Every structure is written in structure tokens, then in C-alpha cells.
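This report introduces a protein model to a reader who has not met it before. Please look over the sequence and structure shown here before reading on.

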Amino acid sequence: MNKETYKRIMREFKWLDPETDLSGQDFFLTWEKSLDQLRQILLTAEMLKYYRENNISTRCFDSGLAVSQFRDNSTRTRFSFASAANLLGLTVQDLDEGKSQVSHGETVRETANMISFLTEIIGIRDDMYLGAGNAYMREVAAALDDGFEKGVLPQRPGVVNLQCDIDHPTQTLADLLHLKDHFEGLEWLQCKKIAMTWAYSPSYGKPLSVPQGVIGLMTRFGMHVVLAHPPGYNLTPEVVALAKENVTHCGGKFEIVDSMAEAFADADIVYPKSWAPYSTMQQRTVLLQNNNQEGLRELEKECLAQNARFKDWTCTEEKMKKTRNGEALYLHCLPADISGVSCREGEVSAGVFEKYRIATYKEAGYKPYIIAAMILNNRFREPLKILHTLEKRNIKRVL
Amino acid sequence: MNKETYKRIMREFKWLDPETDLSGQDFFLTWEKSLDQLRQILLTAEMLKYYRENNISTRCFDSGLAVSQFRDNSTRTRFSFASAANLLGLTVQDLDEGKSQVSHGETVRETANMISFLTEIIGIRDDMYLGAGNAYMREVAAALDDGFEKGVLPQRPGVVNLQCDIDHPTQTLADLLHLKDHFEGLEWLQCKKIAMTWAYSPSYGKPLSVPQGVIGLMTRFGMHVVLAHPPGYNLTPEVVALAKENVTHCGGKFEIVDSMAEAFADADIVYPKSWAPYSTMQQRTVLLQNNNQEGLRELEKECLAQNARFKDWTCTEEKMKKTRNGEALYLHCLPADISGVSCREGEVSAGVFEKYRIATYKEAGYKPYIIAAMILNNRFREPLKILHTLEKRNIKRVL
Amino acid sequence: MNKETYKRIMREFKWLDPETDLSGQDFFLTWEKSLDQLRQILLTAEMLKYYRENNISTRCFDSGLAVSQFRDNSTRTRFSFASAANLLGLTVQDLDEGKSQVSHGETVRETANMISFLTEIIGIRDDMYLGAGNAYMREVAAALDDGFEKGVLPQRPGVVNLQCDIDHPTQTLADLLHLKDHFEGLEWLQCKKIAMTWAYSPSYGKPLSVPQGVIGLMTRFGMHVVLAHPPGYNLTPEVVALAKENVTHCGGKFEIVDSMAEAFADADIVYPKSWAPYSTMQQRTVLLQNNNQEGLRELEKECLAQNARFKDWTCTEEKMKKTRNGEALYLHCLPADISGVSCREGEVSAGVFEKYRIATYKEAGYKPYIIAAMILNNRFREPLKILHTLEKRNIKRVL
């Protein structure tokens with residue numbers, strides 16, 4: 001990055017409504033935030049990246065914990081959160097339910113306070129149970145409000161959604177920043193066609209949070225969002241309704257089609273990714289909650305059989321040719337199911353993936369900065385002022 | 001906290017015997033420390049809390065490890081230790097026996113040295129085996145002495161007892177600081193009646209360290225300590241003897257009764273908490289050491305049946321009415337077994353717990369500062385001087 | 001350590017070829033590095049140790065991750081890596097395959113990039129599979145090259161071999177520094193006889209990396225290296241060939257004998273340690289890769305029976321008497337199988353081990369500094385300049 005980038009970021013900061021404030025606000029769903037709040041997150045992320053690349057330390061905390069809770073396996077989100085915390089001077093402490101007394105019947109209300117005495121931020125990933133993940137985060141947040149108001153906590157730690165059953169804001173904002181960079185400005189996303197489409201995978205039960213997050217976010221930037229999936233692979237109705245409503249406020253277009261080819265036609269961006277049907281996720285949630293192992297095996301068998309009927313929903317060179325100039329940008333949250341690489345038949349052909357592999361890595365590379373930006377905006381009323389302070393302080397990150 | 005608090009802490013520091021020194025001393029049992037040493041821990045904790053609340057960084061180490069070893073599940077102690085280490089600038093490295101070669105037959109003597117080359121403090125929780133936990137900590141300490149004397153270690157890391165079979169000093173000192181705050185000074189604890197009483201729980205094998213720690217500590221501050229439990233639920237005889245002896249030196253009173261109601265009568269403070277009888281813990285220790293699973297199941301069955309005979313040993317609104325003005329302070333180390341919340345019938349009714357819930361959270365909130373104070377006092381000869389240095393240095397904790 | 005040590009280290013730094021540079025170079029095998037590169041690692045380690053002992057902070061990073069990946073249990077290497085990272089200001093983030101999506105079929109190429117966005121160094125231990133451990137590290141390194149070249153990573157993290165199937169450079173360089181200290185200079189190692197000998201152990205499948213690392217390294221310092229093992233307990237042929245070749249370049253002597261007594265005769269240093277025969281490790285690798293549990297049990301039985309034929313291959317007081325003046329220095333990477341202590345019959349008698357116990361602990365104590373020196377040399381072009389900067393900056397490590 002060079003000085004031009006720096007000037008551009010500074011200029012864009014000035015375009016924001018000066019009242020824009022995210023301090024003290026948890027980050028659950030992108031659609032709960034104003035456009036300027038989202039833009040401020042992106043700009044903060046860009047500036048943190050610029051400082052990192054120019055060896056300017058962005059340590060804002062001399063001590064403090066960043067608590068993570070992963071209720072599902074995670075590599076990139078775990079490392080992104082750890083990187084973000086570290087970049088700002090916070091130390092990660094993982095709440096591992098296996099090693100804690102949480103399993104001893106401790107209430108969420110209590111645990112939330114017990115882990116927060118010296119904590120600045122809590123990042124939670126909970127995407128397994130439909131109707132539960134996001135609700136859990138809000139339960140934690142309410143407990144923190146209570147603890148802070150009643151003097152238990154000297155500060156109210158922020159809560160960041162690291163993926164829930166509804167949305168995956170750290171992912172979709174990283175996607176958006178990737179698009180901003182690729183198309184050289186959010187303003188150029190206007191009317192761009194993005195195909196958020198289901199794709200075949202030999203696994204089942206993949207969460208809905210990414211496709212939902214994408215249609216819920218990209219419709220707000222005036223894009224032409226096409227959601228494509230085979231019959232039955234619906235998303236949560238409320239989120240679909242919200243995407244429809246977004247376009248009436250923000251321009252752009254939102255449509256649902258049942259053909260991958262149709263979605264790809266003249267698309268500027270494609271996001272082919274597998275997910276489980278909403279109704280399957282509902283059934284699965286009940287089975288998981290009852291620990292019905294036989295029922296889960298049965299459901300898995302059914303779903304895999306159903307998936308197998310749509311093996312042609314895969315992103316191939318042929319399909320890519322039908323996109324805008326045959327050169328649509330391919331997005332994926334990773335890891336992708338790559339035909340002939342990570343599975344026999346999957347979401348994307350090896351050729352297409354290889355062509356965009358480095359681009360998807362760069363897409364993922366924005367996530368640590370997005371999370372750091374969320375933390376910084378949660379903790380400080382005026383992020384730009386803080387960024388200026390860091391710059392003037394001018395401590396080298398590496399000696 | 002305000003300036004008055006600051007002045008009060010400073011004034012109290014001056015009351016201490018100027019020879020008071022905890023540097024280089026491990027913290028195993030509160031009764032191995034002088035009253036002034038304990039007061040110094042409390043004052044250091046209060047000052048660290050004051051600085052934290054006034055955004056003064058208390059980072060004393062620019063590098064160094066704080067090793068934790070948890071031989072049992074833990075949430076609040078784990079987070080308290082992590083918070084304390086972080087507050088002073090140390091990085092926690094957990095000794096997870098599952099992931100180490102400890103299980104490969106490595107000796108304690110050796111492991112203690114191997115984890116300590118660049119280590120400032122080692123916190124150990126080992127409360128499962130009667131006669132073993134505290135002994136293990138002393139074995140580690142002896143190995144560290146040996147390693148330091150013979151030039152293996154450039155410094156002798158301190159050892160902090162994070163709960164053993166005998167005492168739970170980080171908990172009881174947090175309890176004591178909570179009482180100091182509640183009654184506005186240690187001097188006002190004189191003659192206050194505290195009921196440390198057994199309570200029914202639908203689980204078994206709970207350690208003796210909290211009740212033992214409480215009677216061993218509170219008897220030294222001139223309190224009227226009443227230990228109450230059903231017949232057979234005795235504590236370790238040596239600790240009971242010690243509590244008796246304490247009162248002859250420090251004033252106050254110590255008695256044992258077999259009625260919860262009697263203990264509660266006119267009590268200023270109640271601490272209703274379940275534990276396993278000493279004799280059960282002895283049997284259990286043998287069974288655990290022999291990995292006798294059937295014996296353990298048998299013992300559990302017996303104990304739960306025995307416990308069930310004392311379901312009326314529960315802290316209810318009715319019992320609370322008999323305390324001083326019906327307003328005794330309720331203490332608990334958490335998590336409590338709350339009737340109708342975390343279990344069907346337990347240590348305390350939902351109503352009583354809810355009334356004191358926030359108070360118990362605050363009680364727990366002292367623990368990170370108590371641990372940090374123990375570390376600071378272990379590493380520095382003159383903690384007050386260090387605190388002054390931190391204040392004069394005046395680095396902001398948060399930018 | 002005193003000022004003389006400081007002057008000696010500075011003097012030795014000046015003897016190095018001024019072109020000596022390790023920056024940007026991964027550390028896989030000692031024999032890929034020049035003698036001056038190895039000397040520079042030792043000197044950097046010595047200086048970091050000197051600074052630590054003189055309370056000079058060596059924090060070179062204000063943020064940044066040090067990623068560790070342990071594919072086998074580890075205590076001392078885990079703590080050494082954590083200590084080294086912490087000493088320089090880096091925060092360890094462990095890549096725990098159980099908790100990551102690595103098991104979900106993610107490619108090494110991808111994972112390597114995903115964990116590296118803000119990472120300075122990656123330490124890997126992978127010693128289970130012959131032909132796989134070192135290869136895995138190089139696969140990671142190649143992926144990082146790719147990611148860095150293509151702009152995914154803002155920096156190319158270094159890779160440090162924390163033990164593979166071929167070599168164990170952090171161990172053998174710690175051994176070498178221990179020898180340098182013991183014999184008061186690398187130049188005095190010339191012609192010293194070191195007996196790297198197999199020893200009986202009641203376990204099987206111990207890796208070849210230590211004996212291979214020792215013969216591959218010590219032959220380059222003009223030592224008289226004797227490798228001793230019972231018939232059949234061969235090492236990897238390529239490494240043995242390399243050790244032979246080393247002596248033609250560096251003087252010294254390399255021989256293989258089939259008698260522990262012969263190896264011990266007039267030895268200045270003895271390193272009795274068990275390992276599995278190369279051919280066994282080959283069989284084991286295939287069985288592990290096929291998850292052939294029965295085959296593994298069968299192999300273990302065979303190997304233990306074979307080991308048992310060589311129980312007299314144990315380091316006793318009697319055998320030690322035949323070494324140079326009966327006073328050879330005993331080395332071990334720890335934990336040793338000590339007869340009557342950690343097993344009934346093992347690599348070394350309790351008496352011999354006890355005599356050298358503290359010495360082996362000191363040997364282990366160099367490892368954190370060796371790893372820190374590897375990191376520092378990987379990240380900085382001129383380590384001496386950095387060391388001088390740290391000294392002039394003069395920040396106290398402990399307040």
C-alpha cells in the first residue's frame with residue numbers, strides 16, 4: 001500500500017456522517033448497522049492494514065482479554081480473531097466448554113460475568129442450532145449489560161458474532177472489502193450482479209449464515225443480487241424478506257431463481273456454496289437437541305441422497321464462460337469442496353478454483369482486519385482519532 | 001472508585017509492619033502467612049483494582065510466562081489467573097497433561113524445571129485427591145528450589161495454590177476482600193458471626209477446601225465462626241484444630257453445631273455450601289488412585305443417598321429471616337446449586353440466590369486482583385514501591 | 001553471567017564471515033546451514049540469555065503471532081517455543097488439528113496461508129512418520145512462498161523445525177551450546193570423542209531425529225563421533241552417509257561400532273538414547289498410514305522382544321568408568337528412561353542419571369534461547385545490530 005491509499009482512506013472517512021458511532025454496540029447482524037457504520041468498519045480495517053504494512057504498531061491496549069468461544073471447529077476464524085486481538089494488544093483466552101464448569105450446569109448469565117472481569121471483547125461462534133446461535137449471543141450480551149449496570153464489571157465487554165445461525169458478519173464484511181478493493185470503490189458495486197448460488201457438496205448440514213449474510217448485506221449496496229438454489233433449499237424466510245426490502249431502500253435488485261446457469265448469466269461476481277435447506281436445519285436442530293443419533297444418521301442419509309440429485313450445481317469453466325466477459329470474480333468463504341481435490345465431486349471444479357485460489361486467499365486475508373476494526377469501533381467512540389494517535393505515536397511494530 | 005479510596009489504601013499500607021515481606025514465598029495456605037502479609041495482599045489487590053478502574057497500566061513485566069496447571073475443570077479460576085497474569089504483563093502457558101509428556105512417566109522434579117526456564121509464576125489447581133494436592137504443589141516447589149540453587153533456573157518461579165485438597169486461598173481472600181468492602185474495613189469484622197454451613201447438593205465429592213479455607217482464615221480476624229454440618233460431614237481434623245487454636249490468638253469464637261438453623265441464628269454472614277465428608281474423600285482418594293470404577297460408582301450411590309437425608313439443609317428465605325435483621329450477607333464461591341435453576345433441589349433457593357446474585361458476582365470479581373496481588377508480592381520485595389512506580393510512570397492501559 | 005561473557009560473545013560475533021545471513025531462511029536441517037550460520041545462532045542465543053539474566057528486555061515485536069503445530073505430545077519443546085516467542089514479544093497461537101477444519105479435508109497449501117496473515121514464525125513438530133515430517137514442513141514453506149509472492153501474505157513467516165523424522169535442530173543446537181559452555185569454546189570440541197549410542201528402553205518407536213541430528217551436526221565441529229547400536233538398529237542411510245562425508249570436510253572422525261563399551265572407551269561425551277530401527281520405522285509408517293491397529297500391536301510386540309535382547313545396552317556407573325578419566329559428560333534430550341525411576345530397566349542407571357541430572361536440565365535450558373535465536377535470525381538481516389539496539393534501548397524486562 002502506498003500514500004495514495006492512505007489519502008483515499010482519510011478522504012472516505014470524511015464522507016461519513018460525523019455522528020457515526022459504533023462504540024458500546026455489539027455486532028450481531030450487518031442489517032442492524034447503518035451503511036455508514038459498515039463503511040466505518042471497512043475504513044478502519046483498511047487503515048489498520050495500511051499501518052501493519054507500514055510497520056506502525058496499532059497496540060491500543062496495554063492489557064486486557066479477548067475471550068473467544070467456539071462451539072464448532074474453526075481454523076480461519078480462530079486465527080483471524082487471535083490475530084485481530086493481538087494486533088490491538090489484547091490477549092486471547094478461550095472459553096473451552098470441555099475444560100470449564102459450564103457443563104456443570106452453570107447458567108449463561110453467570111458464566112458471561114465470570115469471564116468478563118478484565119475482558120474487552122467476546123467473540124462467539126455458534127452456528128450449529130437454528131434459532132439458538134444468535135439467541136445465545138444476545139443472552140450473553142444481556143448478562144453483560146446486567147453485570148455492568150450493577151457494578152460487577154468495570155467495563156461492558158463488546159460481543160462480536162463470529163458466525164451464528166443467521167449471519168456471518170465478519171465473513172461477509174471481509175467479502176465486501178474484497179469487492180471494494182477489486183472494483184476500486186463501494187460506489188462501483190452499484191448494479192453489479194452477484195450470484196449467490198447453492199452448489200453441490202458431498203456433505204450435509206452446512207450452515208445458512210454465509211448465503212443469508214451475503215443477500216442481507218450486498219442488497220444494501222445497490223447490487224443486483226441473485227439467489228439461486230434447487231427447489232427446497234430455501235433460506236430462512238425472514239432473511240429473504242429482508243433482502244427484498246433492502247432493495248426498495250437502496251436500489252439494486254433481488255431475485256430468486258432455481259437455475260445456476262441463469263444466476264451466472266452476465267454475473268460480475270459468483271459465490272457458489274453449499275448449504276442445507278432451512279427445513280433440514282430445523283429438523284436437525286431438534287434431533288441435535290434431543291441427541292437423537294439414529295435420527296441424525298437417517299437425516300444425513302436422506303439429505304445426501306437429496307443433494308446427489310443436484311450434482312450438476314457445480315461451478316465449472318463452462319458455467320464461468322457465461323458470466324460477464326467470462327471473467328466474473330469467484331468468491332468463497334473457504335474451505336471449498338473442490339472436485340478432484342478435497343472431494344470427488346463438489347462445489348467447484350479444480351480449474352476454476354485454481355484460477356481464483358489466490359483471490360480467495362486475499363478475500364480471507366481481510367478477516368483479521370475486519371475483526372480488529374469491529375473491536376476498535378466497539379471500544380472507542382472516535383476510531384479516526386485513535387488511528388491518528390497511533391500514527392503520531394509512531395511505535396514500530398517490528399524493531 | 002475515587003480519590004478517597006486511594007488515600008484509604010495508602011493509609012492502610014502505612015499501618016503494616018514495615019518488615020512485611022512475601023517476596024520469594026510460595027502461597028500454599030493462608031495460615032502460613034502473618035496477618036500483615038494477608039493485609040498486604042488485600043491492599044495490593046485493592047490498589048491494582050483502583051489503577052485498573054482509573055486506566056493506569058500495571059504491566060510490570062515486558063516478557064515472562066505464568067504457567068497454569070489445572071488438574072480439574074475450571075472456569076472462574078482459569079479466567080482469574082489469566083486476567084491476573086495479563087494485568088501484570090505475563091503470558092499464560094497452560095501445562096495440559098494430556099498434551100505433554102508428563103503421562104510418559106516423566107518425574108515431577110524434572111517437569112517442574114522444564115516448564116520454568118523463563119517462568120515467573122506457576123499456578124496449580126489440584127483438589128481431587130485428599131492428601132495429594134497440596135503435597136504435589138510442595139513437590140513442585142522443592143524441585144524449583146533445587147533447580148534454582150543449582151543454576152538451572154535464572155529465577156525461582158513462585159507457586160500459587162489455585163485450590164488444593166486443604167485450602168483455597170485465592171477464593172477465601174477474595175471472600176475476605178468482599179467482606180472488607182461490605183463492612184467497610186477489616187476492623188469491623190471483629191465479632192461478626194459467620195455461618196460456614198454444609199448444604200444439600202444432588203452431587204457428591206465436592207472438595208473440602210472452601211469450608212476449610214474459610215474457618216482457617218476468618219477465625220484470624222476475630223470473627224465468630226460457626227461451622228455447621230450434619231453428623232458425619234466432618235472436615236479434616238487438623239484444620240478444625242487449627243481454627244480452634246486461631247481464636248485463642250486472635251479473639252473471636254469458633255464452634256461446631258449440627259443444625260443449619262442454629263448457625264444462621266443472628267448470623268451476619270452465611271456461607272451455605274456442599275462438601276463431601278472427610279471420610280468419604282479418604283475412601284474416594286483410594287478408589288481414584290486404584291482407578292476402581294465400580295467402587296467409585298458404589299461410593300457415589302451411597303453418598304447421594306446419605307446426602308438425600310439432609311435435603312432440608314438448604315438456604316431458604318425462611319432461614320435467612322433468622323439471621324441478623326434478616327439481612328445476613330450470603331456468600332458463595334460459585335457455581336451454586338440453586339433449587340429450580342441449576343438443579344431440582346440444591347444448596348440455596350432461587351429467591352435467596354437472586355437477592356444476592358450480584359453480590360456473589362462481585363465477590364468473584366475480586367479473585368483476579370487477589371491472584372495478581374499474590375504474583376506481585378511474590379516477585380517484588382516492596383510492592384508499595386512498585387505500585388508508586390506504576391503510578392508515576394502513568395502509562396494508560398487503554399489508549 | 002558477567003561482563004567477560006558479554007565481551008567474549010561480542011568478540012566471537014566479529015569472527016563470523018560478515019556475509020553470514022539467515023534472514024528469510026527456514027530452519028529445517030542443521031546440515032543445510034553453514035558453520036558460521038550455526039555459530040551465529042549460538043551467539044545470538046548466548047546474547048539473549050545474557051540480556052535475560054541482566055534484566056534487559058528483548059521484545060522486538062509489538063505484535064505478531066508465533067504459530068505452533070505439534071503433531072505429537074510435547075512438554076519441553078512446547079514450553080521452549082512459548083518462552084522463545086514471548087521473549088521476543090510474539091504471541092503463540094497453537095494450530096490444534098482436532099479443533100480446526102484441517103480434518104475437514106482442507107489442503108496444507110490453504111491452511112498454511114490461512115494461519116499466516118499476521119504471523120512471523122511457524123514452529124512444527126512432526127516426527128511420527130518416516131519420510132513425511134520434514135516433507136510436510138517443506139510443503140508448508142512452499143505454500144508460504146506462493147502466498148507471499150502472490151500478495152496474500154504481507155510477510156513471509158519463517159518455518160522452524162521443532163523435530164521431524166530426520167533431524168531435531170533445536171535440540172542438537174541446544175546440545176552444542178551446552179558443549180560449548182562445558183568445554184569453554186567450540187574450538188575445544190576438536191577431536192573430542194562423543195559416543196552417540198543406542199540404549200535399551202522398554203518402549204518402542206522412538207524417533208531417529210536425535211541420533212541423526214547429533215551425528216549430522218557434531219561431525220562438522222571436528223569431533224570424533226562414534227555411533228553405536230546393536231545389529232539392525234540402523235539409522236537412515238542418507239544421514240549416515242552425510243556424517244561420513246562431513247568428516248572429510250571438517251576433520252574429525254566418524255565410525256560405527258556395535259558395542260556400547262567400545263563407544264564409551266575414552267569418550268569425552270556420551271549420549272545413550274533409545275531409538276527404533278530404521279526398518280521398523282518404515283514398517284510403522286505404513287501401518288500408521290493405513291491405521292492398521294492389529295499390525296501396530298504385532299510390530300510393537302516384535303520390537304519390544306527385539307529390544308529386550310539388548311538390555312545390557314544401558315549406561316551404568318561401570319561403563320562410565322571407561323570414559324575419559326571416568327568423567328565423560330552425559331547428554332540426554334530428556335525425558336530419559338531411568339532404571340528404577342521411570343521404568344524397571346532403561347537407558348541409564350539411577351546413579352549415573354542423578355550425577356548428571358542438573359547438567360541435563362541445563363542442557364535443556366538452552367533450548368528456549370536457541371529457538372528465540374532462530375526466530376530473530378529468521379526475521380532480521382543483522383541480528384547483532386538488533387541486539388545492540390535492544391541494549392541501547394535498555395527497557396527493563398521486570399520493573
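The sections below describe contacts between chains and salt bridges in this predicted model.

## The interface of chains A and B

Chain A contributes 42 residues to its contact with chain B, which contributes 35. The area buried between the two chains is about 3400 Å², with 55% given by carbon and sulfur atoms.

Between chain A and chain B there are 13 residue pairs in polar contact. On the side of chain A that touches chain B, β1, β2, α4, β3 and α15 each supply at least two residues. The largest share, 5 residues, comes from α4(A). By type, this side of chain A holds 15 nonpolar, 16 polar and 11 charged residues.

## Salt bridges between chains A and B

The count of salt bridges between chain A and chain B is 6. One of them joins B:Arg397 to A:Glu120, at 2.6 Å from N to O. A network of salt bridges links A:Arg109, A:Asp146, A:Lys150, B:Glu354 and B:Arg357.

## Salt bridges within chain C

Over all chains, the whole structure has 83 salt bridges. Among them is the pair C:Arg379 and C:Glu120, at 3.0 Å. C:Arg379 lies in helix α14 and C:Glu120 in strand β3, so the pair ties together parts that are 259 residues apart in sequence. Both residues are buried.

C:Lys311 forms a salt bridge with C:Glu345, with the closest N and O atoms 2.9 Å apart. C:Lys311 is partly exposed, at 31% relative accessible area, and C:Glu345 is also partly exposed, at 33%.

Notes
Residues are numbered from 1 along each chain as its sequence is written. Chains are lettered from A and ligands numbered from 1 in the order in which they are written. This is a predicted model: local features need pLDDT of at least 70, side-chain atom pairs count only at pLDDT 80 or more; totals for chains, interfaces and linings use all residues. Side-chain values use heavy atoms; hydrogens and water are left out. Contact means heavy atoms within 4.5 Å. Buried area is the accessible area (1.4 Å probe) that two parts lose on being put together, summed over both. A salt bridge is a side-chain nitrogen of Lys or Arg within 4 Å of a carboxyl oxygen of Asp or Glu. A polar contact is a pair of N or O atoms within 3.5 Å; within protein, one must be able to donate a hydrogen and the other to accept it, and residues adjacent in sequence count only if both atoms are side-chain atoms. Helices (H or I, at least four residues) and strands (E, at least two) are DSSP runs, numbered from the N terminus. Ala, Val, Leu, Ile, Met, Phe, Trp, Tyr, Cys and Pro count as nonpolar, Asp, Glu, Lys and Arg as charged, and the others, Gly among them, as polar. Buried means under 20% relative accessible area, exposed over 50%, partly exposed in between (1.4 Å probe, protein chains only).
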